[in-house]
Number of protein chains: 2
Amino acid sequence: MSITMHDVARAAGVSIKTVSNVINDYPHIRPTTKQRVLEAIDALGYQPNLSARSLRSGRTGVISLVIPELRNAYFAELADSVMRAAAEHGLSVLIEQFGNDRESELAVLRKPRSQMVDGILYSVLALGEDDVGILDEISLPMVLLGERIFHGPRDHVTMQNVEGARAATEHILSLGRRRIVALGAHEGEVIGSAGLRLTGYRQALDAAGIAVDERLIRPAGTWHRKDGAAAMRAFLAESVPFDAVVAFNDTLAFGAMRVMQEAGMRIPEDVAVIGFDDIDETRYSLPTLSTIDPGRGEIAQTAISILLERIGEHGDAHDMQDAREYLSAYRLVARESTASA
Amino acid sequence: MSITMHDVARAAGVSIKTVSNVINDYPHIRPTTKQRVLEAIDALGYQPNLSARSLRSGRTGVISLVIPELRNAYFAELADSVMRAAAEHGLSVLIEQFGNDRESELAVLRKPRSQMVDGILYSVLALGEDDVGILDEISLPMVLLGERIFHGPRDHVTMQNVEGARAATEHILSLGRRRIVALGAHEGEVIGSAGLRLTGYRQALDAAGIAVDERLIRPAGTWHRKDGAAAMRAFLAESVPFDAVVAFNDTLAFGAMRVMQEAGMRIPEDVAVIGFDDIDETRYSLPTLSTIDPGRGEIAQTAISILLERIGEHGDAHDMQDAREYLSAYRLVARESTASA
DNA sequence: GGCGGTCTCTGCAACGTTGTAGTCTTCATG
DNA sequence: CATGAAGACTACAACGTTGCAGAGACCGCC
């Protein structure tokens, strides 16, 4: 089978415990001994057995990232950022996706490949305040990402959804547009991204003293391109006049743009468009897409730091009373899709 | 701490081994006993400790997927497919990205979080035939994905790069276009995707009796949008006449399309464009992008099956003499970017 | 020269599980 | 009624590592 500490110990002529000490940088080891052990490790190509180590220490060095789906560019880029941040701390990342199905979201949470991970980063999608109980069932350290659903029970790192949406809408207003479609609303949802961004949209209009035309508030299923396209097609069919679109994420915006362009509208001349997320594609679409950069890198790094902190104090009396909320800085990125004449 | 088999055993009034037997579906257990154990498990909320189990059994139920980067839509969608296929077999996936840096590609391979994973799916990027030795160092079961670099040492699941590129080029030729840019070549590379796709391109032109104009063969760094854009800008600066582009992946095509459209060219009227990969975006760009669907789902499923097979026989005398190569079926998807007048 | 203290190294026991090799019943069979 | 086989369960020892508690060796100091 594979090489163990015993083999190294034999080769170096020391006890197995000394090998362990060398590996764990125990300070009191004679340099010559250390040297001998390291040479043996090298010669034999020894690699520690992570299962055994984690059985002993209770740590695996792996965290899981629970997200809806990787296909979605936003989550792919988020996962990328998380993995980079994790790598800086020597952590590996196990990704679990649950799709857009509430049931499997619950299932994934209930049965994380736990005991196998030290902590969880969970990007909430369907769960609402009623589901707080489910989070309590999970004893692992966990940090929530991206949405602002829960207030009490867990640490939370999120973007400024309301403020970002408001800034996006104000940006559009500053172009003189007044009939602004809000694309991506979710019926009745108040505290997820959809609800929060809609709130930001309303705030901006209110502040500008513009009455909200409810016909301009458009739902869109799962925030993919096809949903944006479908929503826009449905909207156009109603012939409600409009001169701008605030899409609640970039892919929705792309789907919608595509449909509008097919219909002969020019962007930004006829319709100004702004998205949300600042995915890479926004820089190369035609026109390039204005958007809100949610500060993904910052979110990822903050989340990892907090999670590590929680993992550190795991086992100690960790009452979650002190769960905190962190907001990343957002940034308005103006591109061609909202250029003024 | 957390609940172990001992707790369950005590609660059910049986030995710890019986609990283990129940969990592992050992056949000879009295139904009443089984019942009692299951109830105890449920009541205590017991979950087996994966570290301990894998220490004993040598299996972790986790495989790693080694890819360049998740930001890249192709790999995000590949990862998605792999995770779905893995989930069907109860496997979890640990993703490791190495960027576009040859050194870290080697580093990731050499130090997989091994002992922690049962096998590796490795999407080769920079490694060439000279590096075969590195693969030999890795004792874990491994399946190579996506490229056709190595012939001997490992199982390999790949798309039909040459044939796909040839089909793409022939599709363009069938439109009557003759001055076809090949976008994404890599200087001197012969056996990676870039080299193979270029071969397909040349074959198609040869077969049609058209001499290859080397000025139309354009390198592009890392196959991102920005590389496609930069390459196209550089190409346009040379004022070489052309009427079509075969891009070696979709994102390159998008970057290039964007630059051409900026320069006032119409697609497909002035320039026909076809990409490679069939990422979701191709369905919603303006114009929608014709492309080659590499059969990602099939690749993922095949790779997982083979890997599982190899994991099964791991430990048995597994000479890699019988390493095989599997080709997925590709599919030409014609969309607007190659529509004929 | 004796004494406490640091250095260097070691053995043992555990982490939670499962494979092996049992033991003790039960039951059908001759 | 003895015999063998199968059924239901269990004790023990591992898997490879690390924390703990030490054992000597060596040092400086009064």
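**Figure 1. Helix 4 of chain A gives the most to the surface near DNA strand D, with five residues.** This view comes from a predicted model, as do the ones that follow. Around DNA strand D there are 26 residues, and the closest are Met5(A), Asn49(A), Ala52(A), Ser15(B) and Thr33(B). Both protein chains take part here: helix 2 and helix 4 of chain A, together with helix 2 and helix 4 of chain B, are the elements that give two or more residues to this surface. Sorted by class, the surface near DNA strand D has ten nonpolar, ten polar and six charged residues.

**Figure 2. Turn to DNA strand C, and helix 4 of chain B gives the most to the surface, with five residues.** Which residues come nearest to DNA strand C? They are His28(A), Thr33(A), Met5(B), Asn49(B) and Ala52(B), out of 26 residues around the strand. The elements that give two or more residues to this surface are helix 2 (16-23) and helix 4 (50-57) of chain A, plus helix 2 (16-23) and helix 4 of chain B. The mix of residues near DNA strand C is ten nonpolar, ten polar and six charged.

**Figure 3. Here helix 2 of chain A packs against helix 3 (residues 31-44) of chain A.** The two helices meet at an angle of about 95°, and their axes are 10 Å apart. That angle makes helix 2 of chain A roughly perpendicular to helix 3 of chain A. To find the contact, look for Thr18(A), Val19(A) and Val22(A) on helix 2 of chain A, and for Thr33(A), Lys34(A), Val37(A) and Leu38(A) on helix 3 of chain A. The contact between these helices is made up of four nonpolar residues, two polar and one charged. Thr33(A) may ring a bell, since Thr33(A) is also one of the residues that come nearest to DNA strand C.

**Figure 4. This is where chain B meets chain A, with 37 residues from chain B and 39 residues from chain A in the contact.** On the side of chain B that touches chain A, two or more residues come from each of helix 4 (50-57), helix 5 (73-88), strand 2 (92-97), helix 10 (225-237) and helix 11 (250-262) of chain B. Helix 5 of chain B brings the largest share, six residues. Split by class, this side of chain B has 16 nonpolar, eleven polar and ten charged residues.

How do the two copies relate? Chain B can be laid on chain A with an RMSD of 0.1 Å, using a turn of 180° and a shift of 0.1 Å along the axis. That is the relation of a two-fold axis. The same surface serves both copies, as 100% of the contact residues of chain B recur in chain A.

**Figure 5. In chain A, four strands form an open, parallel sheet in the order 7-6-8-9.** Strand 7 (217-219) and strand 9 of chain A stand at the edges with a single partner strand each, so one side of each is left without a neighbour in the sheet. From one strand to the next, the twist averages 20°. Strand 6 (residues 180-185) of chain A and strand 7 of chain A pair in the parallel sense over three bridges. To spot this pairing, find Ala182(A), whose bridge partner in strand 7 of chain A is Ile217(A). Helix 9 (residues 193-207) of chain A lies across strand 6, strand 7 and strand 8 (244-247) of chain A, and runs at about 165° to strand 6 of chain A.

**Figure 6. The open sheet of chain B also has four strands, in the order 7-6-8-9 with parallel pairing.** Strand 8 (residues 244-247) of chain B pairs with strand 9 of chain B in the parallel sense over three bridges. In that pairing, Ala244(B) stands opposite Ala272(B). Helix 8 (residues 161-174) of chain B packs on the sheet and touches strand 6 (180-185), strand 8 and strand 9 of chain B. The direction of helix 8 makes about 170° with that of strand 8 of chain B.

**Figure 7. A few backbone details in the loops are worth a look: two cis peptide bonds and a positive phi.** The bond from Ile267(B) to Pro268(B) is cis, with omega near 10°, and Pro268(B) is found in the loop between helix 11 and strand 9 of chain B. The bond from Leu286(B) to Pro287(B) is cis too, with omega near -10°. Pro287(B) has its place in the loop between strand 9 and strand 10 (291-293) of chain B. Over in chain A, Asp278(A) has a phi near 55°, a positive value in a residue other than glycine. Asp278(A) lies in the loop between strand 9 (272-274) and strand 10 (291-293) of chain A.

Terms used:
Residues numbered from 1 in each chain as written. Chains lettered and ligands numbered in written order. Predicted model: local features only at pLDDT ≥ 70, side-chain atom pairs only at ≥ 80, totals over all residues. Least-squares fit on C-alpha atoms with pLDDT ≥ 70 in both. Contact = placed C-beta atoms within 7 Å. Nonpolar A, V, L, I, M, F, W, Y, C, P; charged D, E, K, R; others polar. Pairing = 2+ DSSP bridges. Axes fitted to C-alpha atoms, helices over the stretch in contact; angles between N-to-C directions. Near = placed C-beta within 6 Å. Parallel < 35°, antiparallel > 145°, perpendicular 65-115°, else oblique.
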